[in-house]
Amino acid sequence: MRLLLAGVLSEAVYLWMARLPSANGLATVASFLCAMALLFALCAYAYRQLHHAVTRPALVAIFAAALVFRLTLIPAGLPDSEAGLFASLRADVTGTTVEFDRFLLFDHDVWRFLWEGHVFSHRGSPAAFPPENADHSLITPYQSERDWDHVLSFVNHPEEATVYPPLAQQLFLVSHAIAPGSVVAWKACVIAVDMTAMLFTALGLHAAGRSPGIAVLYGWNPLVVKVGAGSGHFDALVACTVALCVWALLRRWRLVAALAFVAAALTKVFPVILFPLVLRRTGWRPLLVAGSAGLVVVATQPGLIERLLHFGTRWRFNGGVHRALFSVESAWGGAGGVSTAICAALALLIIAVVALRDDGAPHSFAGRAADTLGGCLVVSPAVFPWYVTWLLPAAVIGRRWHWVAFSALVCAAFLVMVNGREYPAALLLEYGALLALWLRFRDRKIERGFS
């Protein structure tokens, strides 16, 4: 009954959140953050009901609730319409107009995903040219299926060619095949992947001898629901492949684990830092097989590595460690190169330290993976909130509660949407609290995490 109450209250909050206005500003962002805080509290409460043991009906209930939460946020970004909600959703899937507002719960990357799926479908890889250089042959002949000129006008940073690896592009293509240019179709694809990530997390917990109900920390996590179903980010595909890798290693399916690892790196390159940990558990042969397939896929996107390096050195957002170093460097007249180099060195140090302390056991992989992904993320120049979702399945399975808590703390970054400025106080809250939690939980074991 308590779990049911937590689910009903969470759904009520999501129903309200789905109708938040797309316009940014203090009132909207403050309302959103208050809703997120309440949802995180309800998620933690649900965990307390499930972390010792769980019945099959309760497990079915938390999966069903997780799906309902996501379906509720599909309309997020639809303006009020006299035609009604369902008519607007139908028009998005089948119509020739763009029904959603540009901003979907505070960000708008979804338009680039839709555009690149369109380009991929008709011209091959979108790596060949940035959106602003698209010719009319990509727009005019297809106006009957979607107002592509309108979609293109919504794409952020149109001067940049794609930085998304091949597996992400395949997901764009799948959505385009279902309904070209449809936000609803795209979100449906993301939700399907997201629920699969929750399933693999539960399976990994069961294989580790723990309650699969703890997967509620991923499935009911408000950040995961918001950035996936709410805003349409595809980072659930990284979480899904990482969770599959963890589960496969626990079951000692070495080739499956190697393929899942390569798939994660082909979705967003960042998980490649797990290579030493995966290699120690799979050996060279499975990784060579999986890596060879991955290299063939990468060959379809020439220049990807250069664009990723450009992205990594240019973009700065919400990076607490990098921001502190950059503040010192800029006071001495520097342009940021030294700060970036120091952070890169710190990331290499984290990878090396975790790898050297690794015992190579299947049961220790999840925790080590979460520490590697999380540690390297917090020293990177760009820490967008949806990046934190990559490491959540590994953190949940591996008992790294400080990384789970960081998924709540990182929501302070959304304050940038008040007036376009980052707040030092938000960075201090995020990274100061994370440090305090790491010091508290680093030597603690399971089931004492939130008690």
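**Exercise 1. Place Trp315 in the fold and list its contacts.**

Solution. Start with the location: Trp315 sits in the loop that joins helix H15 (304-314) to helix H16 (320-331). Helices here are DSSP runs (H or I, at least four residues), numbered from the N terminus. Next, look at the contacts, meaning heavy atoms within 4.5 Å. Not counting residues up to four places away in sequence, Trp315 touches His157, Pro381 and Ala382. Finally, compare sequence with space: Trp315 and Leu237 are 78 residues apart in sequence, and their C-alpha atoms are 22 Å apart.

A word on the ground rules before going on. This is a predicted model, in which local features need pLDDT of at least 70, side-chain atom pairs count only at pLDDT 80 or more, and totals for chains, interfaces and linings use all residues. Residues are numbered from 1 along each chain as its sequence is written, and side-chain values use heavy atoms, with hydrogens and water left out.

**Exercise 2. Follow the contact from Trp315 to Pro381 and decide whether Pro381 is buried or exposed.**

Solution. Pro381 belongs to the loop between helix H18 (365-378) and H19. Now apply the cut-offs: buried means under 20% relative accessible area, exposed over 50%, and partly exposed in between (1.4 Å probe, protein chains only). Pro381 has 15% relative accessibility, so it counts as buried. As a last step, take Asp147, which is 234 residues from Pro381 along the chain; their C-alpha atoms are separated by 36 Å.

**Exercise 3. Find out how confident the predictor is, and where the pLDDT is below 50.**

Solution. The score to use is pLDDT, the predictor's confidence in each residue, from 0 to 100. The protein averages a pLDDT of 89, and 91% of the residues score at least 70. The stretch with pLDDT below 50 covers residues 445-451, and it has 19 contacts in the model beyond near neighbours in sequence.

**Exercise 4. Describe the two faces of helix H4.**

Solution. First pick out the buried residues of H4 (residues 85-94): they are Ser88, Leu89 and Asp92. Viewed down the axis of H4, these buried residues fall within an arc of 100 degrees, so they line one face of the helix. The arc is taken from the directions from the helix axis to the C-beta atoms. Then ask what they meet: the buried residues of H4 pack against helix H8 (183-207). Turn to the face away from the buried side, and you find the exposed residues Phe86, Arg90 and Thr94.

**Exercise 5. Locate Leu104 and describe its surroundings.**

Solution. Leu104 is in the loop between H4 and helix H5 (110-123). Its relative accessible area is 0%, so Leu104 is buried. Leaving aside neighbours within four places in sequence, Leu104 is in contact with Ala76, Gly77, Val110, Val183, Gly230 and Ser231. Leu20 is 84 residues away from Leu104 in sequence, while the C-alpha atoms of the two lie 9.5 Å apart.

**Exercise 6. Examine the positive phi values at Arg252, Arg399 and Gly283.**

Solution. Begin with the background: most residues other than glycine have a negative phi. Arg252 has a positive phi near 65 degrees. Its place is the loop between helix H11 (236-250) and helix H12 (254-267), and with 56% relative accessibility Arg252 counts as exposed. Arg399 also has a positive phi, near 65 degrees. Arg399 lies in the loop between helix H19 (392-397) and helix H20 (401-409), and at 33% relative accessibility it counts as partly exposed. Gly283 follows helix H13 and has a positive phi near 85 degrees.

**Exercise 7. Work out what lines the largest cavity, then examine Glu422.**

Solution. A cavity is a set of points on a 1 Å grid over the protein atoms alone where a 1.4 Å probe fits but cannot get out; lining residues have an atom within 4 Å of a point. The structure holds five cavities of 30 Å³ or more, and the largest contains about 60 Å³ of space. Its lining includes Phe317, Asn318, Ala412, Val416, Glu422 and Leu427. Helix H22 (residues 424-441) gives the most to this lining, with three residues. Now focus on Glu422, found in the loop between helix H21 (416-419) and H22. Glu422 is partly exposed, with a relative accessible area of 26%. Beyond neighbours within four places in sequence, its contacts are Arg316, Phe317, Asn318, Arg323, Val416 and Leu427.

Note on methods: 1 Å grid on protein atoms, 1.4 Å probe; cavity = no way out; pocket = protein on both sides within 12 Å on 5 of 7 lines; lining within 4 Å. Points joined across faces, edges and corners; volume = space filled by probe spheres on them.
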